[in-house]
Amino acid sequence: MPNKQLEALDYIVFLVYFLIVAGYGYYIYKKKQSANISTTDFFLAEGSLTWWAIGSSLIASNISAEQFIGASGDGFAMGLAIATYEWMAAATLIVVAVFFMPIYLKNRIFTMPQFLTQRYNNTVSMIMAIFWLFLYVLVNLTSILFLGALAVSTISGLNFTACMIGLAVFAVIITIGGMKVIGFTDVIQVFFLIMGGLATTYLAINLVSTENGTEGLFQGFDLMLTQSADHFHMIFPKDHPHYASLPGLTVLIGGMWIVNLNYWGCNQYITQRALGADLKTAREGILFAAFLKLLMPIIVVLPGIAAYTLYQKGLFQQEMLDATGEVNKDHAYPVLLNLLPTGLKGLSFAALTAAVVASLAGKANSISTIFTLDIYKKYIAPQASEKQLVGVGRVTIWVAMVIAILVSPYMGIDKKGGFQFIQEMTGLVSPGVFAAFILGFFWKKTNSAGALFAIVGGFLLSLFFKYSLPNLVNLEFLAPLGFAVKGADGVYTIPFLDTMGFVFLICVAVMILLGLQKPSNKGLEIDSKMFKVNPTFAVGAAIILLLVVILYAIFW
């Protein structure tokens, strides 16, 4: 039975981590503090983040409990295929750096609702701001907090509620310092995240070799390739039990692009890191993040596959069960952490905490930014001073955290599996939002009516496809094409990634029809020169794309 208590040395390691992050954050806060801090300074850290701070902050905000716990759990259940979210993200980041960032920076866009106001109108912007606030608070913030507290509680043996409150307070301490503090402390967070994550991966793979009478990392990985060969395929056939989660080639040419382009290119939570920089620095930071994304499956997926291999050998039979006696895939990563030796366990515990806290801080800052700049300033107190707006932003951070603490136990996050829960809930909004953004960028005739249909109508269509269509129509005829799968209840449903593709195409078609009927005259300032990149970036981008192609070719 793994030891579920941290030893004194583990607490010392964790305390060192806490003091380094909190101390460095306070140092940055005092060093860059001004008497009259502005909103762009607080929310965007305009001009003060370096490329390595931007890249690190992107990854620190992206990698959290849903990756460590959720993606490792999916690695246990379905294997390396779940890494498609990471590797396709690396390719997506190149697209965002080349095509999206120049548009945002050229048009001085600081928030996503601001883009919608500038390109469409206040109604579209207001509706989307409300959508984002609900999504960020009730899906992202709550799931990060819930899964993070669950993992910390499982590893340390501490009370779940106490862990949740502790993580929230730690995140707020960082967040109230503004984007500068978040950006620079994220560099340290990423260091702990990667070092602790690699330590866990090493121990898990080495344990596979030890259980088979050998010793060494390469021997362990070779045994995983042999004993869990079914867990090393990126593209699932139609009869695969997890086809509904990752439906075949959709991960390469379908809905997976919508997931990633919307997340990395149209998401306040992510783009905020780069919006305060010049184009060259922003692109370099995003390129650095893309390189790091290629490494993430080593940290968040391979441990899950190692746990599956060990489980097949008879280990963790009790530890992988939930309260109902069913195997819970999300137990895989905490079970592995409990095997770590004293000291190293503290480092991995710090890594997991770093991932959770960084994501909570980034998400809370984005919630604060959207509410303060796009709702409070525009509709509640247009005459508010910069100091008042920063104060409202800080209060919003506290309110969002309290709401997340109160509602997260009731969201059903643990039923679906953390990673899939977030993807499917976000997927209800993503197709329409991405359609509104992509046509707003590149087709000047796109009008406000089309954007309104995409955002509201796209959400309603997603709900219809998910909850109503399977009960109204027998979708079995789509099964031979791979667009429908039979559930345990015998009802055929459309995989959510395919649903996103269908909803996106419908939204685009309607937007084009409405745009042709009444063309807009509010196109953004765009010229082809904006999309040119320097030779260094081009070489780096080419290397990343080549590596993505090679990885898919190897593990097809």
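Me: How is burial defined, and is L547 buried or exposed?

Reply: Buried means under 20% relative accessible area, exposed over 50% and partly exposed in between (1.4 Å probe, protein chains only). L547 has a relative accessible area of 36%, so it is partly exposed. The model is predicted: local features need pLDDT of at least 70, side-chain atom pairs count only at pLDDT 80 or more, and totals for chains, interfaces and linings use all residues. Residues are numbered from 1 along each chain as its sequence is written, and side-chain values use heavy atoms, with hydrogens and water left out.

Me: Where does L547 lie, and which residues make the nonpolar surface patch?

Reply: Helices are DSSP runs of H or I, at least four residues, numbered from the N terminus. L547 lies in helix α24. Patches join nonpolar side chains (Val, Leu, Ile, Met, Phe, Trp, Tyr) within 5 Å, from residues with over 30% relative accessible area and no salt bridge, that is, no side-chain nitrogen of Lys or Arg within 4 Å of a carboxyl oxygen of Asp or Glu. Here F291, V539, I543, L546, L547, I550 and I554 make a patch of about 600 Å². Helix α24 (residues 535-554) gives the largest share, 6 residues.

Me: Is R119 buried or exposed, and what is it in contact with?

Reply: R119, in helix α6 (residues 112-119), is buried, because its relative accessible area is 0%. Contact means heavy atoms within 4.5 Å. Leaving aside neighbours within four places in sequence, R119 is in contact with residues including L439, W443, S520 and L524.

Me: What percentage of the protein chain is buried?

Reply: Of its 556 residues, 60% are buried.

Methods
Patch = residues over 30% accessible without salt bridge, like charges linked within 9 Å, V, L, I, M, F, W, Y side chains within 5 Å. Areas by Shrake-Rupley, 256 points an atom, 1.4 Å probe, with all protein chains shown as cover. Helix = DSSP H or I, 4+ residues; strand = E, 2+ residues; numbered from the N terminus.
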